[in-house]
Amino acid sequence: MSQYLDTIVELQEALDQLAEAQERLHGIPDWMRELHDEHVAKSAEIRTLEEAGETLATERRAAEGAITDAQEKLKKYQQQINKVSTQREYGALLQEIDGAKAQVTTCEEQAFSSLEKLDQTQRDLTTLREGFRDLDQRYAAELARWEGEKPAVAEKVAGLEARIAGLKEKLPRGLFSQFERIRERHGGTALAPIRLLERPGGKGPREWHCGACNYRVRPQVVVEIRNSSDLVQCDSCKRILYLPGPQAAA
C-alpha cells in the first residue's frame with residue numbers, strides 16, 4: 001500500500017483513540033454512569049421540591065398580606081357606620097363591609113391551603129434529603145476515585161496529541177486536507193476497510209466490499225490499493241479505502 005495510506009490509517013486510529021480518551025476525560029466513566037444518573041435525578045427531584053416550597057411560601061405570604069389589607073378595609077368601613085346619614089349610603093357601606101369580609105375569608109382559605117401544602121412539601125423534602133444523604137456520599141467517593149484516575153487519562157490525551165501532530169507532518173498538505181474533508185463529511189471517520197466476502201465452501205469468485213457502505217469494490221481496485229502509491233476512494237461513500245491486516249499483503 002501507499003506509504004501515505006499507512007500513515008493515514010495510523011492517523012485515523014490515533015484520532016479515534018484521542019476522541020475516546022477526551023470523552024473519558026471530560027465525561028462520566030461507564031463504571032459510575034448509573035450512579036451519576038441516579039444522583040442527577042435525585043438532585044433534580046430535591047430542587048423541584050425546594051422550588052415548590054419557595055412558591056408556596058410566597059403564595060402564603062401574599063395571602064396573609066391580602067388578609068391584612070382586607071381587615072384594614074373592614075375596620076375602616078365599620079368605623080364609618082355611625083357617620084352615614086342616608087339609607088342609600090348605609091346600604092352601600094354594608095355592601096363594602098360584606099365584600100371585605102368575603103375577601104378576608106377567601107384569603108384565609110388561600111393562606112391555609114398554601115400552609116398545608118407547604119408543610120407536606122417540607123415533610124417530603126426532609127424524607128428525600130435523608131434518603132439522598134447515602135447516595136450523595138457514595139457519589140462523592142466515586143467522583144474522588146475518578147478524579148484520581150484523570151491524570152493518567154490526561155497524560156494519554158497529551159501523548160496522542162503529540163503522536164497525531166507527528167503523523168500530520170508526514171503527510172503532504174493537500175492530502176491531509178483531503179483526509180480532513182472526508183472525516184468531517186462522515187462524522188470523524190475518513191477510512192473504510194475493504195472486506196472480503198466469504199462464500200460458503202469457498203466456491204465462486206472472490207468479492208470485496210466497502211466496510212462502511214457495503215458497496216462492491218472491483219478486483220482491480222484492490223490490486224491498485226496494494227500496488228499503487230495513490231489513494232483510492234470508494235465509488236459510493238467516497239471514504240478512503242484500505243486493506244486491513246493480512247489482506248494488505250495477500
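This report walks through how the helices of a predicted model pack together, then looks at a few single residues.

## Helix H1 on its own

Let's start at the N-terminal end, with helix H1, which covers residues 3-26. A quick sanity check on its geometry works out: 24 residues at 1.5 Å a residue should span 34 Å, and the end C-alpha atoms of H1 are 35 Å apart, which agrees.

Which residues of H1 are buried? They are Leu5, Thr7, Ile8, Val9, Leu11, Gln12, Ala14, Leu15, Leu18, Ala21 and Leu25. It helps to remember that an α-helix has 3.6 residues a turn, so residues three or four places apart point the same way. As for partners, the buried residues of H1 pack against H3, helix H4 (173-185), strand E1 (191-197), helix H5 (219-227) and strand E4 (240-242).

## H1 against H3

Helix H3 runs over residues 87-169, and H1 packs on it at an angle of about 155°, with the two axes 9 Å apart. An angle over 145 degrees counts as roughly antiparallel, so that is how H1 and H3 sit relative to each other. The crossing of H1 past H3 is left-handed.

On the H1 side, the contact is made by Thr7, Glu10, Leu11, Ala14, Leu15, Gln17, Leu18, Ala21, Gln22, Arg24 and Leu25. H3 answers with Trp146, Glu149, Lys150, Val153, Ala154, Lys156, Val157, Leu160, Glu161, Arg163, Ile164 and Leu167. Sorted by class, this contact holds 13 nonpolar, three polar and seven charged residues.

## Two residues of H3 up close

Leu160 is a handy residue to zoom in on. Its place is in helix H3, and at 5% relative accessibility it counts as buried, the cut-off being under 20%. What does Leu160 touch, not counting residues up to four places away in sequence? The list is Ala14, Gln17, Leu18 and Ala21. Take Leu18: it is 142 residues from Leu160 in sequence, yet C-alpha to C-alpha the two are 6.0 Å apart in space.

Ala141 is found in H3 too. Is Ala141 buried or partly exposed? With 44% relative accessibility, Ala141 counts as partly exposed. If you want a ruler along the chain, Ala141 and Ala158 are 17 residues apart, and their C-alpha atoms are separated by 27 Å.

## H1 against H4

H1 also packs on H4, here at an angle of about 45° and with the axes 12 Å apart. That makes the pair oblique. The crossing of H1 and H4 is right-handed, whereas H1 passes H3 in a left-handed one.

Here Tyr4, Ile8, Leu11, Gln12 and Leu15 of H1 meet Leu175, Phe176, Phe179 and Arg183 of H4. By class, that comes to seven nonpolar, one polar and one charged residues. Leu11 and Leu15 are among the H1 residues in this contact, and both are also listed in the contact with H3.

## H2 against H3

Helix H2 takes up residues 33-79, and its axis comes within 6 Å of the H3 axis, crossing at roughly 160°. H2 and H3 are therefore roughly antiparallel to each other. The crossing is left-handed. The tally for this contact is 24 nonpolar, 10 polar and 17 charged residues.

## Loop residues to look at

Two loop residues have backbone angles you may want to check. Asn214 has a positive phi of about 70° although it is not a glycine. Asn214 is found in the loop between strand E2 (207-210) and strand E3 (216-217), and it is exposed, with a relative accessible area of 56%. Lys238 is the other non-glycine case, with a positive phi near 70°. Lys238 is found in the loop between H5 and E4 and counts as partly exposed at 38% relative accessibility.

That H5–E4 loop also holds Asp230, which is partly exposed with a relative accessible area of 49%. How many residues separate Asp230 and Gln3 in sequence? They are 227 residues apart, while their C-alpha atoms are 9.4 Å apart in space. Gln3 brings us back to H1, which covers residues 3-26.

Note on methods:
Residues numbered from 1 in each chain as written. Predicted model: local features only at pLDDT ≥ 70, side-chain atom pairs only at ≥ 80, totals over all residues. Heavy atoms only, no water. Axes fitted to C-alpha atoms, helices over the stretch in contact; angles between N-to-C directions. Helix = DSSP H or I, 4+ residues; strand = E, 2+ residues; numbered from the N terminus. Parallel < 35°, antiparallel > 145°, perpendicular 65-115°, else oblique. Left-handed = near helix turned anticlockwise from the far one by under 90°. Contact = heavy atoms within 4.5 Å. Nonpolar A, V, L, I, M, F, W, Y, C, P; charged D, E, K, R; others polar. Expected span 1.5 Å × (residues − 1). Buried < 20%, exposed > 50% of the residue type's maximum accessible area, 1.4 Å probe, protein only.
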